[in-house]
Structures are given as structure tokens and as C-alpha cells.
Amino acid sequence: MAEAQAPGRSDAETLGVEGWGDVVAVAGRLAQVMVAHDLRENPALHEARGAAEA
């Protein structure tokens, strides 16, 4: 189905494929969760690294 909606497979065509907006929205939410997790874990990792070096 996607091939029929975007036969040239260009970025512009792909973004116009039915349902692609949902895929992009889910990927955006996943990225937000991953960044939030990293931001929560980074201070703990930094403290552990500092304690190991001391």
C-alpha cells in the first residue's frame, strides 16, 4: 500500500502516506521517553563515576 502511495519513495511522498503521521508521532513520544530516562539516569552515573575515580 505504501509503495502505491509513494511510488518514487521520496521523503515528501513518504510523509504523505496514510498513517505515516501516526508513526512519526509514536517515534516522537518514544524519543521523549528515552531522553527523559537518560536525563534522570545521568546524575547517578556521574556520581558513580566520580566515586569510582576517587
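What follows is a short exchange about a predicted model. Local features need pLDDT of at least 70, side-chain atom pairs count only at pLDDT 80 or more, and totals for chains, interfaces and linings use all residues. Residues are numbered from 1 along each chain as its sequence is written, and side-chain values use heavy atoms, without hydrogens and water.

Visitor: Why is A6 called buried or exposed?
Guide: Its relative accessible area is 4%. Buried means under 20%, exposed over 50%, partly exposed in between (1.4 Å probe, protein chains only). So A6 is buried.

Visitor: Where is A6 found, and what is A6 in contact with?
Guide: A6 is found in the loop between α1 (2–5) and α2. Helices are DSSP runs of H or I, at least four residues, numbered from the N terminus. Leaving aside neighbours within four places in sequence, A6 is in contact (heavy atoms within 4.5 Å) with E13, T14 and V17.

Visitor: What makes L15 buried or exposed?
Guide: L15 has a relative accessible area of 57%, so L15 is exposed. Its place is in helix α2 (residues 11–15).

Visitor: How do you know whether the span of α3 agrees with the expected one?
Guide: The expected span is 1.5 Å times one less than the number of residues. For the 34 residues of α3 that gives 50 Å. The end C-alpha atoms are 47 Å apart, which agrees.

Methods: Helices (H or I, at least four residues) and strands (E, at least two) are DSSP runs, numbered from the N terminus.
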